[in-house]
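Dear colleague,

Please find below the structure I am passing on to you. My notes on what was found in it follow directly after.

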Amino acid sequence: MRFFKLLMTMVILISFFPARFSAETTDCNGIKRGQKIYWEGIQLVPGQIGKLNILKDTSLYRFTEGSMLQDKILKKSSTYRIYTFRSDYLGVGGGYFVKRDAKINYKTPTKAKLLAVKCASGKSEPVTPPVKPPVTPPVTPPVTPPIEPPVTPEEPSSVTPVDLGPQVFNLSTMASKAGMDNNGNAYLYVILHGTPTSLAVLDLNTNHVKEVFPLSNSTSAWGMDVDKDGILWIGGTSNGNLYSYNPNTNELKDYGNMLEGSGDTTIQDLVATDQYVFGATAYGANVVAFNKQTQKREFLLPTVPGKKFAKSITFDPVNQDIYVSSGPSAEILRWSLSTGIKASILSQGYENESYAEKMKWIDGYVAIKYYPSKRANIYKAATGEYQSTFTVDSRGFSPKDSQTNEFYYTYQGSIYAYSLENGTFRNTYMKLPSLKNALSLDFVTLKNNPSQNVLTGLIDNKGTYYLFNPITNQLKIKKASFSSQPVDLNLIFSSPDKRYIYVNGFMTGGLTQYDTLDKTSVQFSSISQLESAVFLNGKLYGGAYPSARLMEISPGQSWDESLSREIISLTKYGQERITSMTSFSDHLFAGTYAQTSLNGGLLLDYNPNTGQYFVYENYIKNQSIISLLTDGSKIYGGTSVHANYQRSADDAKLFRFDPLNPAAVEIINLPVKASMVMSLIKGPQGEIWGAADGTIFAYNPEDKSFKTVKLLNAISGRFANAKLLFGNDGYLYGTIEGNLFKLNPNNMVPEILMESGAYDIAQDASGNIYFRNLANLYMYPPEISG
């Protein structure tokens with residue numbers, strides 16, 4: 001209680017709002033120094049910008065090393081003063097924040113009330129027009145520059161941008177699991193990627209979709225399991241919601257966010273037992289336990305310190321042990337629920353794998369598949385010994401078939417069987433089309449032959465599935481009819497003439513061309529998720545995920561008739577994303593985010609005319625390259641300290657190099673410490689602008705000086721969370737941690753246009769500003785933003 005009394009009476013000495021009032025409105029007549037100013041039953045204090053009422057118990061957070069950590073629970077019906085905001089969080093003072101959601105009610109006082117508080121505190125002085133007096137920004141000296149204090153942004157704009165609606169629609173069947181109801185009906189449960197993600201229930205006897213349920217608060221879902229009662233359990237992303245579906249009642253339940261209070265965002269895998277649902281999480285590498293009887297989270301505990309994700313999980317019902325894998329690099333734990341003891345069981349020779357991608361408990365054994373090698377082996381729980389090394393490309397393994405005493409998997413399009421009894425493999429010689437692999441493997445029985453088990457699951461992301469009878473050795477391929485779903489947008493950028501705005505789909509890809517003149521959208525579907533893009537010689541080059549692929553797109557007569565081809569895949573260098581691109585002369589330069597290289601990102605120099613390319617590995621030691629900019633005869637770059645799910649010991653770098661000699665890199669000392677140097681752009685006066693975490697900076701190459709302004713103390717992400725451009729009106733516009741802002745480059749004073757829900761940024765020829773939020777594209781007209 002002492003903490004909250006102190007919190008409620010804290011006096012902030014610096015007012016939140018900059019002077020925006022005319023001389024008439026800054027008149028303090030009638031307000032005495034020391035007078036108490038009240039608003040809606042509470043005393044206003046200097047620095048306060050609003051108040052919140054707690055409608056439902058909610059979490060109190062604090063920022064620690066760039067992460068938001070849960071500290072306490074604030075109880076329903078209590079009231080708190082608000083002193084600042086940060087993206088979707090409201091600051092209650094002392095470095096503590098509350099999430100702005102349906103659990104709270106936030107209100108702001110009038111400007112007259114705020115002025116009265118200033119007058120009463122003696123901090124208000126009459127302001128002579130103009131509204132925004134010119135400010136001479138301090139210029140950081142080039143040698144040992146001091147860090148400028150934060151500049152408080154102006155009051156957020158209340159204007160609503162124009163919603164242009166969803167832009168990318170895709171059909172992507174991400175994951176599946178098969179099960180039965182009490183009446184003997186067989187279903188394939190399919191996750192449809194979208195905003196939100198949906199659960200489709202496919203009747204395997206009729207090939208008809210029985211029902212589609214939206215999974216609110218989830219943009220994807222991977223972890224699925226069916227318990228002994230036939231109940232389906234699903235773990236979501238990116239809030240970690242847990243869902244169940246009962247085929248007997250046709251009821252979907254959402255149990256809420258299982259990862260609340262942690263830095264985790266996704267349930268990667270789950271296993272349902274008689275009493276619990278256990279989930280493996282990212283990016284904190286935890287195990288979460290949901291008690292099915294109490295319908296509450298029982299614990300959220302770490303696997304191994306320093307790991308970034310727990311990838312797969314399975315359960316030994318005899319000894320009550322959890323088996324959980326984590327990475328990077330690979331680790332597998334046998335975790336006793338009765339004693340709490342964890343023991344590493346990773347097989348010798350697998351230490352350099354990134355993780356165990358999938359594990360399954362099968363009659364006293366754990367079948368394990370590793371990534372990226374696709375190697376697999378089998379662990380015998382009774383003896384702690386490994387047996388049988390083999391290769392697997394299916395997403396996992398089937399249960400044991402009670403009729404054949406074998407479990408099944410796929411490799412290079414063929415279905416294989418493995419006998420646990422004698423340790424032998426069997427090729428069924430049944431081949432999936434186009435050498436596809438099984439995305440799931442489960443047994444059901446069908447009404448036309450209820451005496452024999454049938455193996456089923458997805459084989460692609462378009463709704464194609466298989467039915468395999470191990471007794472008759474018959475294989476059938478079928479395709480379900482699912483509707484395309486609107487998907488989250490991932491990257492937006494404009495054409496060189498700024499007539500078109502391009503928007504790319506998250507995970508499932510698709511690239512839509514929005515015509516800013518005709519107000520029409522055309523989707524080109526044959527493209528993956530892009531992390532970066534650049535135009536060169538009439539063609540569009542994109543950095544596709546996964547496998548860090550450089551794609552070339554040649555426009556057709558219409559946009560949907562365009563052609564794309566893969567030029568290079570950098571996955572052989574341990575790279576996963578091409579996070580930045582620029583061009584110089586006829587060359588493309590690209591920087592990457594490293595995932596399995598055990599070092600940093602690389603710099604790619606590619607010549608489209610000759611097809612030749614050069615790779616400079618670990619270009620900035622143990623860091624990834626996330627921004628590139630061509631300026632005259634130099635190329636500037638910025639890094640992220642994150643690579644291979646590790647964090648570099650050094651701060652993020654601003655660097656430059658001569659494109660004729662990329663090996664000779666020059667580091668430019670930033671006046672601030674940062675984890676990411678993002679969105680480098682050229683300013684109207686020749687400066688190099690960028691974002692170093694929450695600080696916007698301008699670097700003058702002539703005198704090597706910096707100008708900086710801090711918008712946020714910390715931001716999230718590993719390789720992108722800010723985007724900048726210069727508007728037609730001369731202002732710098734940007735998005736950072738969901739905020740949309742503009743900044744006067746002359747006096748470095750920022751103005752928040754939106755305090756949440758704005759990501760990425762682009763501009764058309766008329767100066768309209770575009771940004772994305774979830775599946776929708778938004779436009780901010782110049783008469784609003786100018």
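In this predicted model, the side chain of Tyr-541 makes a polar contact of 2.8 Å with the side chain of Glu-552. Tyr-541 belongs to strand β46, which covers residues 539–545. Its relative accessible area is 3%, so Tyr-541 counts as buried, the cut-off being under 20%. Leaving aside residues up to four places away in sequence, Tyr-541 touches Glu-552 as well as others, including Val-534, Leu-550, Ile-567, Leu-588, Tyr-606 and Pro-608. Met-581 is also among the residues it touches; the two are 40 residues apart along the chain, and their C-alpha atoms are separated by 8.7 Å.

A second polar side chain that may interest you is that of Thr-639, in strand β54 (residues 634–640). Thr-639 is buried because its relative accessibility is 0%. Its side chain makes a polar contact with the side chain of Gln-623 at 2.4 Å, and a polar atom of the Thr-639 side chain lies 2.7 Å from the backbone nitrogen of Lys-653. Gln-623 and Lys-653 both appear among the residues that Thr-639 touches beyond four places in sequence, as do Ile-620, Phe-655, Ser-675 and Val-677.

Turning to the nonpolar cores, the largest has 41 residues, and the members that touch the most others are Leu-52, Val-92, Trp-689, Ile-696, Leu-732 and Phe-741. Strand β63 (residues 722–726) supplies the largest share of this core, with 3 residues. Another core of 18 residues lies apart from it and includes Val-190, Leu-202, Val-454 and Ala-480.

Strand β19 (residues 241–246) is mostly covered, with 5 of its 6 residues buried. It runs antiparallel to β18 (residues 232–238), to which 4 bridges join it; within this pairing, Trp-233 has Ser-244 as its bridge partner. The hairpin of β18 and β19 has 2 residues between the strands, and Gly-240 in the turn has a positive phi of about 70 degrees. β19 is also joined by 5 bridges to β20 (residues 251–257), again antiparallel, where Asn-246 is the bridge partner of Glu-251. In this hairpin 4 residues lie between the strands, and Asn-250 takes a positive phi near 55 degrees.

Some backbone geometry should be inspected. Most residues other than glycine have a negative phi, and most peptide bonds are trans. Asn-618, however, has a positive phi of about 45 degrees; it sits in the loop between β52 (613–616) and β53 (624–631) and is partly exposed, with a relative accessible area of 24%. Ser-679 likewise has a positive phi, near 50 degrees, but is found in strand β59 (residues 677–682) and is buried at 11% relative accessible area. The peptide bond from Ala-282 to Tyr-283 is cis, with omega near 10 degrees, and Tyr-283 lies in the loop between β22 and β23. A further cis peptide bond, with omega near -25 degrees, runs from Pro-328 to Ser-329, the latter in the loop between β26 and β27.

Finally, as to confidence, the mean pLDDT of the chain is 87, and 87% of its residues reach 70 or more. The value stays under 50 over residues 1–26, for which the model has 59 contacts beyond four places in sequence. It also stays under 50 over residues 123–158, with 70 such contacts. Where pLDDT is low, the predicted coordinates should not be read in detail.

Yours sincerely

Conventions:
Residues are numbered from 1 along each chain as its sequence is written. This is a predicted model: local features need pLDDT of at least 70, side-chain atom pairs count only at pLDDT 80 or more; totals for chains, interfaces and linings use all residues. Side-chain values use heavy atoms; hydrogens and water are left out. A nonpolar core is a set of buried Ala, Val, Leu, Ile, Met, Phe, Trp, Tyr and Cys residues joined through side-chain atoms within 4.5 Å. Buried means under 20% relative accessible area, exposed over 50%, partly exposed in between (1.4 Å probe, protein chains only). pLDDT is the predictor's confidence in each residue, from 0 to 100. Contact means heavy atoms within 4.5 Å. Two strands pair if DSSP finds at least two bridges between them. A polar contact is a pair of N or O atoms within 3.5 Å; within protein, one must be able to donate a hydrogen and the other to accept it, and residues adjacent in sequence count only if both atoms are side-chain atoms.
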